[in-house]
Every structure is written in structure tokens, then in C-alpha cells.
Amino acid sequence: MSTDIIETTEVASDECAGEAPVLEVTDLTVTFPGRNGGPDVHAVRGVSYAVRRGEVLGIVGESGSGKSVSSMAAMGLLPDHAEVTGSVRLHGEEILGLDDRAMARKRGKVISMVFQDPLSGLTPVYTVGDQLAEAVLTHEPRTSRAQARARAVALLDLVGIPNAEQRYRSFPHEFSGGMRQRVMIAMAMANDPDVIICDEPTTALDVTIQAQILDLLRTARRETGAAIVMITHDLGVVAGFVDRVLVMYAGRPVETGGVDDIYYRSRMPYTMGLLGAVPRMDLDDQGALVPIEGTPPSLSNPPPGCPFAPRCPLVRPECEQTEPELLEIGDRPPGEEVRARSASASGARAPGADAAPQRVACLRSGEIAAQGWTAQDIYPVPDIPETSFSHTRRQDRREVLRVTDLVKHHALTRGAVFKRRVGTVYAVDGVDFDIREGETLALVGESGCGKSSTLMEIMGLERPQRGSVTVMGKDSSTLSRSDRFRLRREMQIVFQDPMSALDPRMTVFDIIAEPLRTHGRSPAETTRRVYELIALVGLDIEHATRFPAEFSGGQRQRIGIARALALEPRLLVLDEPVSALDVSIQAGVVNLLRELQARLGPAYLFVAHDLSVVRHIADRVAVMYLGRIVEIGDTRSVYSRPAHPYTQALLSAIPLPDPEKERARTHIVLEGDLPSPANPPSGCRFRTRCQKFLTLAETDRERCVSVEPRILAVNGEDQGAACHFAKRWGTD
Amino acid sequence: MGKFLARRLLNHVVLIFLATSFAYLLAATNLHPRDYFEQMQPPPAPEAVNAQLDTLNLNDETPLAQRYATWITGVVQGDFGKTIQGREVADQMWMKAGVTLRLITVATLLGGAVGIAVGAYAAVRQYRRFDKAATAASFFVLSVPTVVIAIVVQVLAVAINDGLGFQLLRYSGEYSAGFDGTWWQFLGNRIHHALLPTTVLAVALFAAFARYQRNMMLDVLGADFVRTAMAKGLTRRKALFKHALRTALIPTITYFTFTFGALVSGATFTEKIYGWHGMGAWLIDSIFRNDVHVVAAVSWFMAITIMAASFLSDVLYAWLDPRVRV
């Protein structure tokens, strides 16, 4: 498993070249020609970077920034019609323009890749073992089948698949997402490559699984000594993992440098905004997030100047003349010179190879450095007023929603003609919480923990299988049809995916007016209210006649929020409202939600898997695991003094967008996957993955196995945890 | 899996029983075997007609339930009754079935294989010249009824034969009447005759398969797993063959088995036009002859083939796609 498989020639070249980069990309451009007379799409417009052995480069950018396309171009994986220019050198050898056969010999052998979505990344009809062995056999055709198989088993073992020998014969659908990503990583490591490109390898995974995968990538780097190019939109993932960062915007690198330089001394307004837009889990009181107004420019018709100029708070007239080059801060010519030079439009590019110093593509980078500006200085941060309830004690506020011992079990059935029950999925298995006026309760947990099922049970307003749902003091099981209809006015929902939550054939006006019409408001009142709502969520009046397809994700989510607010509900249910949005857009929506709550006072039930966003928006938080709440309490207490081992692990798994803190942290990495909700462990459901359980004495363990813990108050305040051995801060 | 298939099989048996019974009842109430005998020249005596109808279990004076009971008892024992001319239905049926199956097996295999190949390649070359040509050709064929294709091909064959002055292409019958020769010569003669009708059926099938396979292939071409396969070092061609095509074939193969089942009756026109005495042609003739038992027997056979095809597609699906194996 060491590097001894690498061919001798490469070792030799390594020795003589010393610090020569393994992968060197220079001035790469990718253009997708427009079909049927459509405009060309300039996906990548001049990217240069270089990575050396064992080095990790992070490429950060939002969707559409060209970060994935540039790496696909380097791998030769783009479709034929893409026009790629520039140079990609692997060990000094030009690989751009190699034919498919020659390129195939490099792919998986010298340069390999891990993709984003592990669920669709493996061929469904072959066993994972065979697919892994194929990676070996493709490059070593003389290897015997048995040898390839043994190597595949060893690789599965290395990436932490238990029972590798047996799991070799499993098909991809029998693996969880995290396990499949492990297989993908094993595949990328199979031939000891010199470069591994990871394209958002953890984006589709839950945080505890993300922590496992990041750990594994560290192992991969150690085992193969490969250079890693880490592509991601998550500034947290990059902070603790990479040595250098390249920030991309609209197909161009806009800032590059060492990870500390970028995070602590960013000189490009876009990077600064991006960092300010990230909700921080580690900060107690962050204030409003930094929103970046507007949307990224069209890649088919980019503006002549700096692509970020239309959104930039520091924009000057010369920014819109020519695109600034990526230069070291001291090398930046003053603005007057740029103005004078723009007519001749000459441009000597900085060499791509030596990328160690921080370089920025912004005309005012020198000024930013000199003034020591931060995101909060240059971006107008909205002032979020306090809610009218913040001075009333929680106990004295009215209860908007109370859920008591809520249960939702699905029957697992077999057979088409004679259905019979073969098991039960305990999706929601006894959940209690309440929400008071004007407060936000966040329901957090990994996928499959039952948070969405809980939501649907509440929104259904039916009699639950067990327990009760009480909205505004009315028990849902006692409601008549008309009562239920009236009560729906009091609770509205905003969905996760803004693309599919709006009817594409209705105008924005009709979408927002629909709840008003349904509940019998007069046409005049409906019209007045719709325009009021459009203004309220920060859209323009002229947007009313347009269709959802004309809007960006963030704007669509605003339309969804306007629709939900139309009837002035007392409770707004938010089902992952920002998880489909880019960071800079997400910040604007989160700020809007906070502002609306302060102004209008609805209570929020906020369902999310992103604990950083939750910390930022929620007053109280409930952590769910396998259909149960394991810890509930006010956000500050839960985040600063988590009592339940699961909460501790969850919080520890989230990477912080702060390189120094991140390097100093030790993560609790949970073992394995979430058990199936059809077959939860006895006693405490978390014990199979619990890090605390492992440290307990035999007699104590007995209690975890046999007795299901109930939620008991800890730490004296509004915080409770369902753990026999909950951590009591301050006492131990 | 075995249990699942066994239950499926039981379902199919029930369906076949129902379909056949309905076919018999429909035929027995709507066809009039008495007319067949009464129209004979010279007209036979009414007693003779009755006696004849009674021996054939076709007498409309016997209650329908009793006739049905007699018939179904026979069917269970493998006896499908007699044709209106008094011959055994079962014997003739196996002969006709042989003719039809021979025709459609070769035609579906040929049409399916060419269609899949053309469709898959057209998908790879989407919007290029080959794709456009294949699309145009298949839509053209799809828009022309098989009858028309069959007749046009026949007319062309006649023209070619006339132009050449000798019979290059045979367009009538299953083999030359009174042909004598060794076994090999006999086979050659049959293949010679089968050439045109098989081509006609295959062309019609090719069009449907090409469209279907093209769509299936387009679905998987952009799939992440094809990209993964290339990323581990497979060439594009190999990744497309081994990963994309293999996955895209699954739905096509089940479609294939269904087509095969449906074609037993679907080949009727081609059989008639090319003078092949197959199942379809037999059914049409029997309806004209008011031959209740043949109509019922052919319906039974068609039900069997459709159900067998459906069963086969279940088995094949499970074999090809590990995701549905339970």
C-alpha cells in the first residue's frame, strides 16, 4: 500500500525535479458552443494552478463558477463538443489534446477523481468489488482475476468497509451513501495515483459521514502521497484540510493564496463576502450575515469588466472597463494606470507555476490591504430589529404548537396481491416539543432521523397514530373539516427545493395570491396584499407578472416565503429553506427570515441538517436521532454545552471556516451509518455508534442496552438530554 | 425470488384460463357452425347436420354451458376438439405454431439486434448525421403500417424477379410445393422463402427498437457512473459498452420479450400476404369458416405466448438488474 508501485521513471523525475509540480494547469479555458444559434457558454476563462506531491489545493466557488468543469477538463472527461484551450501538464507532460486512448491510460493511474454524488456514481448492475477490480485490471491487464480481486478486497478494507470479503459481492444499492463514497475513494486510490481530484466529495452526505470521509481522504493522501485538489463550495471543509486555496467566480480565479491568507487576510471583496456570508457555529453572537446582492453573471455573455463588479460594494468606474488580472497585492498598478491602459488591452499574465504568494484579481486589493477592511466594513449589513417578544419570558408567551408523544410508524409490506406486514419503520417514535409565540425551534438531525416525517404529521392536522398535535390551543384530533381548513391559515410551510415548490405555469402574482383566494379574500384585498408581500420579501413590483423560471433560486425561495406569509400565519414551518441555495444567496434569505420574524412575529419551526445555519437563526434547538429527540434546549446552551454524546459528535463533525481553529480541533468521528429506522437498537438508540458507550463500564453499558433513556433536564437551564450519562457541564 | 415467480406463474395460469374461456364463449355465441354445413352443396339433410354438429360438440341446440363443459374438460386433457372439417385441432395447432414461431423468432431477434445497435449508436452520436438518418428512417417505418411495407416489398420482389428473368426472391408460401431434395436443400429452400417476410417483420421491429433504445441510452449516457468508469481509466468506447449499454439494455430486453408475445397475433398480415400458414392466418380463415374450436385454440395459444413472454421478462429483469432481486 505504499508508493512502491509507482513507476521508476516517475520516481527518477521526482528526484531530479525536486519540487516540480505534479499537476500544472495553465490558462485553461473551456467553452461550450451554443446549440441552435444559442450563445457560447464560457464556463472557464483562464484558470492556472499547480499542485505538488502531498499538497492539498482547495478550489472554492459557488455553483456555476467553473470549478468542476475545469477539473473535468483536466481529466479529459468533458463531452466532445466542449472547446478546451490552455495547457494541462501532468509530470511536465502535456495531456490536453491527447486522444481518448492515451488519456484513458492516465486516468485512474496518474490522475484520478472522486465525484460528488456517490448514489449515482457506481454502475448499478455490477458488484462494487468487480467495479473496483476493474479499476485495477484496466491499468494492469496482466493481473490475474484473483490478484485483482485480492487487491479490491484490500482496498475495501483500507477505506473502512467492514467484512470486505463479503461486501465485495454486494451491489451498489445495498450500500449507504457514505459507504458508496468510500468505494469511490477506494477506486480513486486503486492505482496509487499522483493526483486525486475530489469534486465536492462530501456535499451529498450527512455531517457525521462527512467527517468520516474527510478522515478517509487524509488517509488516502497519506497512503498514496498524492496531491489532492479539493473542489467545494463549503468554506468549512476547506479550512482544515487544504494548504492553499483558489477562489473562483464566473469561470475565473479571483483570489489565490495560502489558506491562512485567504481566510484571515482576504483582499477580494467576493471572497470577503463569501466568508462573511457563512453562518458560524463557533461564534456566540454573529449578528446579521453578510449578504451579497444580485446573482452571478451570465457565462454566455459576461460583462466586459470585473465579473463581480455588479455585486461589489467597492465598485468603481474602472472596474467595469477591463477584467482585473490575478496579481500579487503589491504588483497592482494604481487605478489611473488601468484606465489609461484599458484601450491598448495588453496583458502579461503572471506565471502560473509559482503560486505560493497570495494573488488577487481586484483593482482595489491594495487599498483593502492597506485599510485592513473586513467583510463587515465593506458590505452593508442589515440591522435586524429585536422581536417584540424578546422581553417577555418564554413561559409567559402563548403556545403556538405543542407536540406530545407524536408517533408515525409506516408498515413495511411485502407482496403485491396479498399484502402482509413484515415490519415497521419507526419514522417518528414519541416526539415532544412546544413552540411559543415569536420563537424559532430548529429540528436538526441527519437524513432518515424523522424530522421531515414529524413536519408532515404536524402539517397534516390529522389525528396522529399516537400522541397529539395542538396548534394554537386546538387539538388536531378533535378538528372538523372546516375547523381544519381555518386552522391551516395559522400554519404555512416553505419547502426545501424552490425549483419544484412553485407551479411553473403560474405567474408570481397568482402563486402568492392563491392562498388568499382559497381562503376567500376579496380580489381588491388580494391584489393589495400580494404587492405588499412582494415588497416585503425584497422583490420588485414588476416581478409579479413573471413566471418562476425567470428567477434565481434565492428569488424563488423569496416567492415561496411570500406565499407562506400571505395569510399572516402564526407558525411558519420551514423545511430546509436554504439548503438548496449558494452561500451568498443563503445569507440573504436567512437575514430575510430573521427580519420577517422580528417585524411580523410568527413562530418558526425550522427543519435543517446544517447546524451552522440553525445556530444563527434558532432560539431553541431539538436534535433528533432515529425518530426521537435526544437533546432539546436553548440554542446557546446546546451549542456551548452539549450534553448528549450525539449532539457532541454532531457539533464536532462540522468543519469550521477558520483554519487555525480547525487545525486545533479534534473531531469526534462516529463509527458506521445510521441504523435502519425499521430495526432500531434496543435501549438507547444511539448506543451502537456512541463514543461514550465505548468508555463505559460493563454494568453501565447494561443500562444503555436495556433501558431507553428519557429526556431529563441537565445543566439547570432550559436544556434536556435523553442519555443516562449525559454530560453535566461545570460539575465534572 | 422463486416464491415471487411461482406466484406470478399461478396468476398467469388463472389469466390464461379466463382469457381462453371468454374467447370460447364469445366464439360459441357469435359464430354459427350450422351455417357452414347448411351452405354446403348439395345441402345435407337437417338430421345429418345435427348429427355432424353433435359429434363436433358444436350444436347450438345443446346448452352453451354443456358445450363449454365438454370443451374445457377436453382442453384440460390436451384435447382442443375438432375443426369444423373434423380434424384434430391440437395437431394442426402445433404445426401452425411452428410456422409462426419460426417466422417471428428470427424476425424479432434480427429486428431487435439491429434496432438496439442502431438506437444505441444514434444516442452516442446524438444530433449528428447518423442519428438524424436513423431517426428519419425509423419514423418513416413507424408511420407506414406493416401491411403496406409487406405489399410494397412483395411488389418490389416481383419487379426484381421480372427484371432479372429468374426467381431471385420468393414471396409466396413457406416452401416450394412438391420440392424434393436432401435435408440441406430443403432447409435452403425454406430460408429462401423466409427471407422476405422475415425482413418485413424485422424492419417494422427495428424502427420501434431503435427509438426505444436511443431514449434508454440517452438516459444513461450522461449518468455519473459512466463518468466514473472513464475516470478509472476506461476509454469512452469501453465505458459506453460495458457500463452505459449494459444498463440501458435492461428495459429494452423486457420490451423485447413483450414484443415477441404480441407478435404471434401481430404477424397475421405478413403471414397472409406471403402465403404462410401460421397462427394469424389460421385465425382469420377460421372465423370465416365459423370454426369455434380453432378460434378458441388460437386464442389460448396467444394467451400462452403473451403470458410466457411476460413471465420471461420478469425472469430476465431479475437476472439483469440486481436492484429488483429480492
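These legends go with close-up views of a predicted model with chains A and B.

**View 1. Here is where chain A meets chain B.**
On the chain A side, 26 residues are in contact with 20 residues of chain B. Three elements of chain A, namely α3 (100–106), β6 (111–114) and α4 (128–139), each put at least two residues into this side. As for chemistry, the chain A side splits into eleven nonpolar, eight polar and seven charged residues.

**View 2. Two domains of chain A touch each other.**
Chain A is divided into domain 1 (1–100 + 224–381) and domain 2 (394–490 + 569–731). Where they meet, 27 residues of domain 1 are in contact with 25 residues of domain 2. Look for α9 (235–239), α10 (259–264) and α11 (269–277) of chain A, the elements that give two or more residues to the domain 1 side. That side breaks down into 16 nonpolar, six polar and five charged residues.

**View 3. Strand β1 of chain A pairs with β4 and with β2.**
Strand β1 (residues 23–32) runs antiparallel to β4 (residues 83–90), and seven bridges join the two. To find your place in that pairing, start at A:Glu24, which sits opposite A:Arg89 in β4(A). β1(A) also pairs with β2 (residues 41–51) of chain A, again in the antiparallel sense, over eight bridges. Here a handy landmark is A:Thr29, with A:Arg45 of β2(A) opposite.

**View 4. An eight-stranded open sheet of chain A begins its order with β6 and β7.**
Going across, the strand order is β6-β7-β8-β3-β9-β10-β12-β11, and the pairing is mixed. β6 and β11 (327–328) are the edge strands, each pairing on one side only. Zoom in on β6(A) and you'll see that β7 (residues 195–199) pairs with β6(A) in the parallel sense over four bridges. A:Val114 faces its opposite number, A:Cys198, in β7(A). Lying across β6 and β7 is helix α7 (residues 177–189) of chain A, which runs at about 175° to β6(A). β6 of chain A also turns up in View 1, as one of the elements that supply at least two residues to the side touching chain B.

**View 5. A second open sheet of chain A has eight strands too.**
This one reads β18-β19-β20-β15-β21-β22-β24-β23, with mixed pairing. At the edges are β18 (491–494) and β23 (712–713), and each pairs on one side only. Further in, β21 (residues 620–625) and β22 (residues 628–634) run antiparallel and are joined by six bridges. Within that pair, A:Val621 has A:Gly633 in β22(A) as its bridge partner. Helix α15 (residues 451–460) lies across β15 (440–444), β18, β19 (571–575), β20 (603–608) and β21 of chain A, at about 145° to β19(A).

**View 6. Helices α1 and α4 of chain B cross.**
The axes of α1 (residues 2–30) and α4 (residues 64–76) of chain B come within 11 Å and cross at roughly 130°. The two helices are therefore oblique to each other, and their crossing is right-handed. From α1(B), the residues to pick out are B:Tyr24, B:Leu25, B:Ala28 and B:Thr29; they meet B:Leu64, B:Arg67, B:Tyr68 and B:Trp71 in α4(B). Sorted by type, the contact has six nonpolar residues, one polar and one charged.

**View 7. Helices α6 and α8 of chain B cross as well.**
The axes of α6(B) and α8 (residues 183–221) of chain B come within 8 Å, with a crossing of roughly 130°. That makes α6(B) and α8(B) oblique to each other, and this crossing is left-handed. α6(B) contributes B:Ala134, B:Ser138, B:Val141 and B:Leu142, while α8(B) contributes B:Val203, B:Ala204, B:Ala207, B:Ala208, B:Ala210 and B:Arg211. Eight of the contact residues are nonpolar, one is polar and one is charged.

**View 8. Two loops of chain B hold backbone details to check: B:Pro42 and B:Tyr127.**
B:Pro42 is in the loop between α2 (33–38) and α3 (46–56) of chain B. The peptide bond leading from B:Gln41 to B:Pro42 is cis, with omega near -10°. B:Tyr127 lies in another stretch, the loop between α5 (89–124) and α6 (129–143) of chain B. B:Tyr127 isn't a glycine, yet has a positive phi of about 65°.

Technical notes: Residues numbered from 1 in each chain as written. Chains lettered and ligands numbered in written order. Predicted model: local features only at pLDDT ≥ 70, side-chain atom pairs only at ≥ 80, totals over all residues. Contact = placed C-beta atoms within 7 Å. Nonpolar A, V, L, I, M, F, W, Y, C, P; charged D, E, K, R; others polar. Axes fitted to C-alpha atoms, helices over the stretch in contact; angles between N-to-C directions. Parallel < 35°, antiparallel > 145°, perpendicular 65-115°, else oblique. Left-handed = near helix turned anticlockwise from the far one by under 90°. Pairing = 2+ DSSP bridges. Domains from an automatic or database assignment.
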